[in-house]
Amino acid sequence: MNKIIATISGVAAALPDYILTNEELSTMVDTTDEWIMTRIGIKERHILREPGTGSSDVGAKAVLSLLEKTGTKVEEIDLVICATVTPDMQFPATANIICDKVGIKDAFAFDLNAGCSGFLYALSTGCKFIEGGRYKKVIVVGAEKMSSIVDYQDRATCPIFGDGSGAVLLEPSKDENGIIDELLQSDGVGRVHLHQKAGGSVKPASHETVDAREHFIYQEGQPVFKWAVSKMADVAVEVMKRNNITPENLNWLVPHQANMRIIEAVAKRMGISPSQVMINIQKYGNTTSATLPLCLWEWEPLLKKGDNLILATFGAGFTWGAIYIKWGYDGNKTNN
Ligand code: UT7
């Protein structure tokens, strides 16, 4: 029997309405548009502000749009994997809540946390279910309300993050296109540089942890930056090499959107030009598990069947990886 290849057969996204600009941020902390644009490359980010809403709300919007675009009925979905570091609650899983909000009943659903590499790890996981032959339609959704864990008194981290969601549908490929190769790695020593100090089992929430602002993202920017450039470039180059992808026949690098300077450095080490790189960090910031599907969604109209894409990420853990995709369809998927 021929090996089953999983392919992305549709992509959708959702963004909250409110836009937090660098100008507004400059009224909240001691920063400037110029510093943020020069050091990070972000102009604005979307923020989910409505009280009582969480990652599942923006995630459910992306999934509903995906179902509509691909003409898929809720009953057809076998599995939903939600990548997130900002679940609605510690439990149940945000994937279960998304399923409930969009009307998916009885599907297998769970969350996956791999920091900013969450979407890539979830995509790899989703592929295995398709490749195994038992699952036919799998949704992988990255959904984040990063603003719920950003300290808007910490000028070194608050400009970086934004809220949003992106989702893809995975199905068995009908041809040779699809998700071809991957190299995913991690190293737990990196946890000291990027984490959330309290709220887990080691340090449960208390008055003291709240007073000490320990429920927000803690990040030491410089070591994270250095690791991100070297690890993302290493795996992306390795995946290119072992699949005979050259700078000439690579159509797109789809990089995690954490810092414009990281993206540029990775592209340079891969020997590719800026015109081969999907970049939308200036509009959305770092949406953690949603950056990659937000890029795919925005570039979908330009993508062609057979295009060579390398997706690459780096995030808390540390986690990082690269996936090689031969894109499965031409242009914008519409249900008609
Ligand atoms: O997605 C998860 C992975 N995360 C990442 O990939 C993030 C990786 N790291 C980075 O992107 C960068 O390290 C940051 C954007 C977080 C920081 O940029 P940096 O160029 O490494 O700046 P820095 O932390 O070395 O700070 C340089 C200076 C400091 O001032 P002094 O000590 O030189 O006087 C900071 O206090 O810039 C200052 N600074 C700011 N100034 C104006 C830090 N944040 C700001 C700010 N506005 N928002």
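## Ligand contacts

A polar side-chain atom of Arg261 sits 3.1 Å from a ligand oxygen atom. The protein covers 74% of the 950 Å² of accessible area that the ligand has on its own (Shrake-Rupley method, 1.4 Å probe). This is a predicted model: local features need pLDDT of at least 70, side-chain atom pairs count only at pLDDT 80 or more, and totals for chains, interfaces and linings use all residues. Residues are numbered from 1 along each chain as its sequence is written, and side-chain values use heavy atoms, with hydrogens and water left out.

Two contacts involve ligand nitrogen atoms. A polar side-chain atom of Thr31 lies 2.7 Å from a nitrogen atom of the ligand. A polar backbone atom of Arg155 is 2.8 Å from a ligand nitrogen atom.

## The shell around the ligand

The ligand has 22 residues around it (a heavy atom within 4 Å). Thr31, Arg39, Gln222, Asn259 and Asn286 come nearest. By class, the shell has eleven nonpolar, seven polar and four charged residues.

Helices H2 (33–39), H7 (221–242) and H8 (260–270) each supply at least two shell residues (helices are DSSP runs of H or I, at least four residues; strands are runs of E, at least two). H7 gives the largest share, four residues. Domain 1 (6–176) and domain 2 (179–333) both contribute to the shell, so the ligand lies between them. These domain bounds come from an automatic or database assignment.

## Salt bridges

The structure holds 14 salt bridges (a side-chain nitrogen of Lys or Arg within 4 Å of a carboxyl oxygen of Asp or Glu). One joins Arg155 to Asp30 at 3.6 Å, N to O. This pair links distant parts of the chain, 125 residues apart. Arg155 is in the loop between strands E6 (138–144) and E7 (164–172). Asp30 is in the loop between helices H1 (22–28) and H2. Arg155 is partly exposed at 48% relative accessibility, while Asp30 is exposed at 61% (buried is under 20%, exposed over 50%, partly exposed in between; 1.4 Å probe, protein chains only).

Lys203 and Glu214 meet at 2.9 Å, N to O. Eleven residues separate them, with Lys203 in the loop before helix H6 (207–211) and Glu214 in the loop between H6 and strand E10 (217–219). Lys203 is partly exposed at 35%; Glu214 is buried at 16%.

Lys283 and Glu298 also form a salt bridge, with the closest N and O atoms 2.3 Å apart. Lys283 belongs to helix H9 (residues 281–284) and Glu298 to helix H10 (residues 291–299). Both count as partly exposed, Lys283 at 29% and Glu298 at 26%. Elsewhere, salt bridges that share partners join Glu76, Lys137 and Glu171 into one network.

Conventions: A polar contact is a pair of N or O atoms within 3.5 Å; within protein, one must be able to donate a hydrogen and the other to accept it, and residues adjacent in sequence count only if both atoms are side-chain atoms. Ala, Val, Leu, Ile, Met, Phe, Trp, Tyr, Cys and Pro count as nonpolar, Asp, Glu, Lys and Arg as charged, and the others, Gly among them, as polar.
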